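Colleague: I should be grateful for a close look at a single part of this model, namely its salt bridges and the elements they connect. Please also describe one of the helices in some detail.

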Amino acid sequence: MAELHGPPDPETSMAAALDSAAAALLTVWESAREGTANRVSGAQLRAVMVVEQYDGINLRRLASRLGMLLSSASRLCDRLVAAGMLEREPGRFDRREISLHLTPEARRLLAELRADRQAQLAVVLAGMSPAGRTALLEGMREFDETARRQQAQTSGPSGPDDLDPPTGRAGDWSEDADPPGRAVWTGASAGPERTVCPPRESPTGEPPVARTA
């Protein structure tokens, strides 16, 4: 006998409708993103945004925020430093530590991205009714607050570095068990004060290297 299914609950129906309606919003996001594609890859842009939010973050916490392996995040930061998007500085409390900060060029890139995105959104909003614009803004604000609250409740800290808020403390660059001459990041308890990473080619499968800003 075929199993009988009742009507979907209101939340499920609303989720399907929102998923469909959000397509236009995502198109605006992607259109603005294409304006930065010749300067940074998608993964690099996400890293820049995380560093903007957590100024002085170390590599381990950055990798955790991006959901990447530590070695992959290290290579990503190498490229962003070479492209003039990130800079490394000794930690304020321990000079063996290295913190990540955005450069003025990276901040200009993010400002241009958001200005383009907001301009495209304004064109769409101009065609909506005042009541529709107000309802949209109120709904999006509540959606954002609820999503952030749920994320904070379900994603606990993954390690000691994630227990503290961003304060400018970070991990070091030091030689690891990788091939000779390759610098990766380690925790703040070991390694030289800072080691400059030699230039290297992008490995197969990695995002495009941002060479110019």
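Modeller: I begin with the helix, and it should be kept in mind that the model is predicted. Helix α3 is followed by Gly 67, a residue whose phi is positive, near 70°. The helix itself spans residues 59-66, and its buried residues are Leu 59, Arg 61, Leu 62, Ala 63 and Leu 66. At the N-terminal end of α3, Asn 58 acts as the cap, with a side-chain oxygen 3.4 Å from the backbone nitrogen of Arg 60.

I turn now to the salt bridges. Searching the whole structure yields five of them. In one, Arg 39 is paired with Glu 112, and their closest N and O atoms are 2.9 Å apart. Because Arg 39 lies in the loop between α1 (10-34) and α2 (42-53) while Glu 112 belongs to helix α5 (residues 104-126), this pair ties together parts that are 73 residues apart in sequence. The two partners can also be described by their accessibility. Arg 39 has a relative accessibility of 14% and therefore counts as buried, the cut-off being under 20%. Glu 112, with a relative accessible area of 45%, is partly exposed.

Helix α5 also takes part in a salt bridge between Glu 52 and Arg 114. Here the closest N and O atoms are 2.8 Å apart. Glu 52 is located in helix α2 and Arg 114 in helix α5, so the contact ties together parts that are 62 residues apart in sequence. Both partners are partly exposed: the relative accessible area of Glu 52 is 29%, and the relative accessibility of Arg 114 is 26%.

A further salt bridge lies within helix α6 (residues 130-154), where Arg 148 is joined to Asp 144. The closest N and O atoms of this pair are 2.9 Å apart. Arg 148 and Asp 144 are separated by about one helical turn, because they stand four residues apart in the helix. Arg 148 counts as exposed at 52% relative accessibility, whereas Asp 144 is partly exposed, its relative accessible area being 35%. Elsewhere, salt bridges with shared partners join Arg 39, Glu 105, Arg 108 and Glu 112 into one network. The pair of Arg 39 and Glu 112 described above is thus placed in a wider setting, since both residues belong to that network and their bridge ties the loop between α1 and α2 to helix α5.

Methods
Residues numbered from 1 in each chain as written. Predicted model: local features only at pLDDT ≥ 70, side-chain atom pairs only at ≥ 80, totals over all residues. Heavy atoms only, no water. Salt bridge = Lys/Arg side-chain N within 4 Å of Asp/Glu carboxyl O. Helix = DSSP H or I, 4+ residues; strand = E, 2+ residues; numbered from the N terminus. Buried < 20%, exposed > 50% of the residue type's maximum accessible area, 1.4 Å probe, protein only. Polar contact = N/O pair within 3.5 Å; in protein donor to acceptor, adjacent residues only side chain to side chain.
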